[in-house]
Amino acid sequence: MSRTVKRRLAAASRLAVILAAAGMVQACSMTGAALDDAVDVTALADSSGLAGPNPFLDTPDAEAGERDRMVDEDTIRNAVTSAGDDAVSAGTLTWSNPSTGSSGVVSNLRQRKISGQICRSFTATRQSYDGVTLYHGDLCLDRRTGWWTRLLQPAANRG
């Protein structure tokens, strides 16, 4: 056999291997079944009860959302109660909570005295993964017990 014929046979052989491999990959992707359908989730369970729920199922976690909202409300309270005189006189300040990823702006911050207690009223926004919420708040400082919340609720809940 000539050298040219040997090269052509070798090239044809390599091409055949590449086409065969491509055919196998294409056959795998042409079955029409999604990968999720091909996995038998019953194999995830065992008789010992140690296997948990399928971690790949998309389930809403309402408790986590409520927990984040409450932690963010505490962060808003802390921002208002720890605001210095400059922020109070400016009437605005920003807040953020790295643990929830939420942030916002406290505005219309006013300080006044009610029955001998210093109180701060304000509006605040909470921008989080679930949207933007406007809050109305009023916090007061009792000399014996510290800051307490007269009002902190979303604007839509005001009666």
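Two strands pair if DSSP finds at least two bridges between them. Strands (E, at least two residues) and helices (H or I, at least four) are DSSP runs, numbered from the N terminus. The model is predicted: local features need pLDDT of at least 70, side-chain atom pairs count only at pLDDT 80 or more, and totals for chains, interfaces and linings use all residues. Residues are numbered from 1 along each chain as its sequence is written, and side-chain values use heavy atoms, with hydrogens and water left out.

**Exercise 1. Lay out the sheet and place helix α3 on it.**

Step 1. Take strand β4, residues 131–142. Find its link to β5: 8 bridges join the two, and they run antiparallel. One point to check is Leu139, which stands opposite Thr149 in β5.

Step 2. Extend to the whole sheet. It is open, has 5 strands, and follows the order β1-β2-β3-β4-β5 with antiparallel pairing. The edges are β1 (93–97) and β5 (146–154), each of which pairs on one side only. From one strand to the next, the twist averages 25 degrees.

Step 3. Add the helix. Residues 62–81 form α3, which packs on the sheet. Helix α3 touches β1, β2 (102–114), β3 (117–128), β4 and β5. Contact here means heavy atoms within 4.5 Å. The direction of α3 makes about 145 degrees with that of β1. Axes are lines fitted to C-alpha atoms, for helices over the stretch in contact, and angles run from 0 to 180 degrees between N-to-C directions.

**Exercise 2. Find the disulfide and describe its setting.**

Step 1. Search for cysteine sulfur atoms within 2.5 Å of each other, the cut-off for a disulfide. The whole structure gives 1.

Step 2. Name the partners. Cys119 is joined to Cys140, with S to S at 2.0 Å. The link of Cys119 and Cys140 is right-handed, with 110 degrees about the S-S bond.

Step 3. Map the partners onto strands. Cys119 lies in β3 and Cys140 in β4, so the pair ties together parts that are 21 residues apart in sequence.

Step 4. Check accessibility. Buried means under 20% relative accessible area, exposed over 50%, and partly exposed in between (1.4 Å probe, protein chains only). Cys119 is at 0%, so it counts as buried. Cys140 is also buried, at 0%.

**Exercise 3. Sort salt bridges by where their partners lie.**

Step 1. Fix the rule. A salt bridge is a side-chain nitrogen of Lys or Arg within 4 Å of a carboxyl oxygen of Asp or Glu. Side chains of opposite charge can pair when their charged atoms come close. The count comes to 8 salt bridges.

Step 2. Start inside a helix. Asp74 and Arg77 meet at 2.7 Å, N to O. Both lie in helix α3, 3 residues apart, about one turn of the helix. Asp74 is partly exposed at 41%, and Arg77 is partly exposed at 21%.

Step 3. Move to the sheet. Arg112 forms a salt bridge with Asp138, the closest N and O atoms being 2.9 Å apart. This pair links distant parts of the chain: Arg112 is in β2 and Asp138 in β4, 26 residues apart. Arg112 counts as partly exposed at 28%, whereas Asp138 is buried at 7%.

Step 4. Add another pair. Arg126 bridges to Asp130, with the closest N and O atoms 3.6 Å apart. Arg126 is buried, at 2% relative accessibility.

Step 5. Look for shared partners. Glu66, Arg69 and Glu73 are joined into one network by salt bridges that share partners.
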